[in-house]
Amino acid sequence: MTDTNQTENTVYVARLEKLVKDSETIGKTLIRRDLELTRANDKLRELNDAKSSFVSVVAHQLRTPLSGIKWMFYMALSGDFGDLTNEQKNFLTRGRDSTDRMIALVNDMLDADRIESGEAKYQFQAADIVDTIDGVLYEFLPKIQEKKLSLILNYKEKAVPRVNADPEKIRAVLQNLIENAVKYTIGGGNITIAIEEVPEGVRVSIEDSGIGVPKNQQKNLFERFFRGKNAVKIEANGSGLGLYIAQNIIEKHGGKIWFEDHGESPGSTFHFTLPVFRQ
């Protein structure tokens with residue numbers, strides 16, 4: 001072997017040794033980083049569990065006394081404690097409405113926490129979507145009449161198949177969508193509810209002539225705690241959790257929920273689909 005070949009081999013061996021050492025160093029660094037990330041992830045999970053536990057405990061503790069306060073207001077306004085002056089009725093009505101909003105916020109917090117923790121329970125069955133919609137509309141009928149809104153129902157009960165759904169969960173979705181339509185539609189406006197059988201199942205559409213959603217905010221519509229700036233101006237109170245909860249419920253049913261802008265015309269339409277019940 002010549003001196004030149006021996007030198008080349010020595011250099012080659014030295015390079016291999018360096019590569020091995022570098023690989024060992026990189027391997028140890030990756031293992032250390034992996035352990036650090038695992039510990040950090042475990043810590044985040046612990047913090048998230050602690051947060052969920054805190055929210056759940058606080059919300060449950062709040063709901064009971066709030067419900068008691070609510071019924072005290074209702075009893076007073078019903079005259080159970082004697083006659084009231086108009087001024088007294090006005091103040092008690094404000095207190096009752098504020099309590100109702102607080103209870104709704106607590107319920108939204110609990111629902112969002114159950115969704116995040118995966119603890120939301122579903123009882124799927126053959127559900128009558130028309131009957132569910134009629135029940136929710138009955139709740140909002142006084143407000144619809146007060147605002148002189150035109151309510152148009154585009155469906156025939158016998159033509160709509162039953163859906164595979166948890167009726168109470170779907171009721172929560174409809175309550176949110178219909179409440180938003182009533183709340184953000186100016187007096188004298190229109191609300192149209194349509195039901196149609198489509199290839200994906202049954203599609204429910206809730207259309208209004210309200211304030212709509214600004215184009216630059218539409219992408220955030222189903223995010224937690226999001227509320228449109230124009231909506232906040234009309235109604236300062238709100239959790240911003242309603243559509244987030246509705247989306248999760250519909251997706252758990254194997255359906256889809258989406259928003260349709262009316263372009264230059266006022267208002268918007270929310271659609272969602274549910275699978276047809278199959279025996």
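Begin with the whole chain in cartoon view, where six helices and seven strands can be traced in the protein; helices here are DSSP runs of H or I with at least four residues, strands are runs of E with at least two, and both are numbered from the N terminus. This is a predicted model, in which local features need pLDDT of at least 70 and side-chain atom pairs count only at pLDDT 80 or more, while totals for chains, interfaces and linings use all residues. Residues are numbered from 1 along each chain as its sequence is written, and side-chain values use heavy atoms, with hydrogens and water left out.

Next, select Trp71 and Tyr74, which are three residues apart in helix α1 (residues 3–77) and therefore separated by about one helical turn. Rings of Phe, Tyr and Trp (its six-membered ring) pair if their centres lie within 6.5 Å, and planes under 30 degrees apart count as stacked, over 60 as edge-to-face and the rest as tilted. The rings of Trp71 and Tyr74 have centres 5.4 Å apart and planes at 40°, so this pair is tilted. Trp71 is exposed, at 51% relative accessibility, whereas Tyr74 is partly exposed, at 29%; buried means under 20% relative accessible area, exposed over 50%, and partly exposed in between, with a 1.4 Å probe and protein chains only.

Now move to Phe259 in strand β6 (residues 257–261) and Phe270 in strand β7 (residues 268–274), eleven residues apart. Their rings form a tilted pair, 5.3 Å centre to centre with 55° between the planes, and both residues are buried. Add Phe222 to the selection, and you have one aromatic cluster of Phe222, Phe259 and Phe270.
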